Amino acid sequence: MSERPIDSAVWSAHEIRATARRLATVHDAALAGERSPDDSSAAAPRAVIGESWRRVLSSGVNPDGEQSQHPLSVAELEHRRQQSQLASVLPVLNEGLLAAADAAQQIMVVTDDEGRVLWREGSAPVRRMADRLGFDKGADWTEGVVGTNAIGTALVARRPVLVHSAEHFVRSHHQWTCAAAPLHDPRDGRLLGTVDVSGPAHGFHPTTLSLVSTVARLAEGELRTRHHASLERLRSSAAPVLARLGGRALAVDPHGWVAGVTGLAPPDRVALPRTPAAGPLWLPRYGMCALEPLPGGWLIRVDRTEREAGPRHVVLDVSGRDGWTLTVSGPAGSWSHELTPRHAELLFVLASHPQGRSAAELAQDLFGDASRTVTVRAELSRLRRHLGGVLAHRPYRFADGVAVELRLPARPVHLLPQSLAPAVLAARRDAAGGPGVPDGDAWPAEAMSGAATQ
């Protein structure tokens, strides 16, 4: 690899060709389980690429074979387009990227959260080149199908990713460079998809990733503006209802964002189930409540008489590759909370250490830097706003009397695959029996039995 970071250096055409040759050497050495000839750290793949290659090897993708595609039908593609929130920000993405992509002989691609290509625009010659790779509307561009690529890897890493030349796992993609950034729903942090700029590697410009990342933030800003407008509409309709009520109540949108309160200190958000329904509901922050529909949201009426009905059992499910949940059960029933990647890492560490962890230990576990205690405490504060009855502190741990079940993926390499936290990397490595590539196929029996209940 070049001594300068691949996504920030300004290269001449000669440097781009030289970098591509070095990457090809690293690629071949890694797939053979060897070091490249110069045996230096500069010859190792970047961390995000190395982690992706390990996942792809575990998935069985053939670096030399044709990738089997099963594109969406025309009807399913149109359905996904209509249901996608990204349709509303296509003008922002087009205005920010399409002209530049077309002028640079690149294409702009927008996918959903499953890596399916929903929209593809840009240079006609490059579109024809993409067609030969199956990179067309409706295609599945996840790592498990086409190997390491900016779209699939950004979906896993949950951050902007550049994949240049032989950093692609599949050799037929080595003539390409792609830069992708994830797009999130500002209401709940849910991953909506990616925006990507791709094209021939020789036409790559080092500012491409920065441009894609900036436009993705602008699109998320547009979604945020629309969200605030919908909250204002809900606030207007809920205000007379709240004014007539006695006791404590909140008006929230379908994602739990608070538009109005009475009798309570106003929180920013209340954690609701994924599919709330009218009737009794236990919420971690308020205990037993009654949920009633409002135009554009819900009315939550807090019942102080049953506030002591607390959690007894939680299930931390990190078995999925791109979605993790904490399910809380108690006398009043069950409730699930979708986790961000950082909160999934943090709760995995706590579930793995039932005796608890100090802020410094958690900082070391998550960042490899025991001094980052302020960041750890801030993340735990956010979690405890939703899970106040589930988590305890001094040290940080799951609360006494709460049984914890930890559900792991079948293969260690798929444990929180976006994570580079030292504690997660160590868990994958220890379960697989060492740092080699590929990783082991399954968790050791003792690891599974030790993690099942705490």
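Helices (H or I, at least four residues) and strands (E, at least two) are DSSP runs, numbered from the N terminus. The model is predicted: local features need pLDDT of at least 70, side-chain atom pairs count only at pLDDT 80 or more, and totals for chains, interfaces and linings use all residues. Residues are numbered from 1 along each chain as its sequence is written, and side-chain values use heavy atoms, with hydrogens and water left out.

**View A. The whole chain, with 13 helices and 16 strands.** Of the 454 residues, 50% count as buried (under 20% relative accessible area; exposed is over 50%, partly exposed in between; 1.4 Å probe, protein chains only). The accessible surface of the chain is about 20,200 Å², and carbon and sulfur atoms hold 51% of that surface (Shrake-Rupley method, 1.4 Å probe; for residues, only the protein chains shown count as cover). Among contacts (heavy atoms within 4.5 Å) with a separation of 6 or more, 57% join residues that are 24 or more positions apart.

**View B. An open antiparallel sheet of 5 strands.** The strand order is S2-S1-S5-S4-S3; two strands pair if DSSP finds at least two bridges between them. Strands S2 (117–122) and S3 (161–164) are at the edges and have a single partner strand each, so one side of each has no neighbour in the sheet. On average, neighbouring strands are turned by 15° against each other, direction ignored. Axes are lines fitted to C-alpha atoms, for helices over the stretch in contact, and angles run from 0 to 180 degrees between N-to-C directions. Within the sheet, S1 (residues 107–112) and S5 (residues 191–200) are antiparallel partners over 6 bridges. Thr111 stands opposite Thr194 in S5.

**View C. Helices H3 and H8 against the sheet.** Helix H3 (residues 74–83) lies across S1 and S2, at about 85° to S2. Helix H8 (residues 208–244) packs on the sheet and touches S3, S4 (176–184) and S5. The direction of H8 makes about 20° with that of S4.

**View D. The largest nonpolar core, with 41 residues.** A nonpolar core is a set of buried Ala, Val, Leu, Ile, Met, Phe, Trp, Tyr and Cys residues joined through side-chain atoms within 4.5 Å. Leu326, Leu347, Phe348, Leu350 and Phe398 touch the most other members. Elements that each supply at least two residues include strands S11 (313–317), S12 (325–330) and S16 (403–407) and helices H10 (359–367), H11 (373–386) and H12 (422–432). Helix H9 (341–352) is also one of them, and the largest share, 7 residues, comes from H9. Leaving out residues up to four places away in sequence, Leu347 touches Leu316, Leu326, Leu339, Leu383, Leu391 and Phe398. A second, separate core has 28 residues, among them Val26, Val61, Ala139 and Val161.

**View E. The side chain of Arg46 and its polar contacts.** Arg46 sits in the loop between helices H1 (13–31) and H2 (47–59). A polar contact is a pair of N or O atoms within 3.5 Å; within protein, one must be able to donate a hydrogen and the other to accept it, and residues adjacent in sequence count only if both atoms are side-chain atoms. The Arg46 side chain reaches the backbone oxygen of Leu162 at 2.6 Å. The side chain of Arg46 also makes a polar contact of 2.9 Å with the side chain of Glu167.

**View F. Strand S10 (residues 297–302), mostly covered.** In S10, 5 of its 6 residues are buried. Strand S6 (residues 249–252) runs antiparallel to S10 and is joined to S10 by 4 bridges, with Val252 opposite Trp298. Strand S9 (residues 287–294) pairs with S10, also antiparallel, over 6 bridges; Glu292 stands opposite Leu299. S9 and S10 form a hairpin with 2 residues between them. Gly296, in the turn, has a positive phi of about 85°.

**View G. Backbone details in three loops: Pro395, Arg158 and Leu416.** The peptide bond from Arg394 to Pro395 is cis, with omega near -5°. Pro395 is in the loop between S14 and S15 (397–398). Arg158, in the loop between helix H7 (150–157) and S3, has a positive phi of about 60° although it is not a glycine. The relative accessible area of Arg158 is 17%, and Arg158 is buried. Leu416, in the loop between S16 and H12, is not a glycine either and has a positive phi of about 40°. Leu416 counts as buried at 0% relative accessibility.
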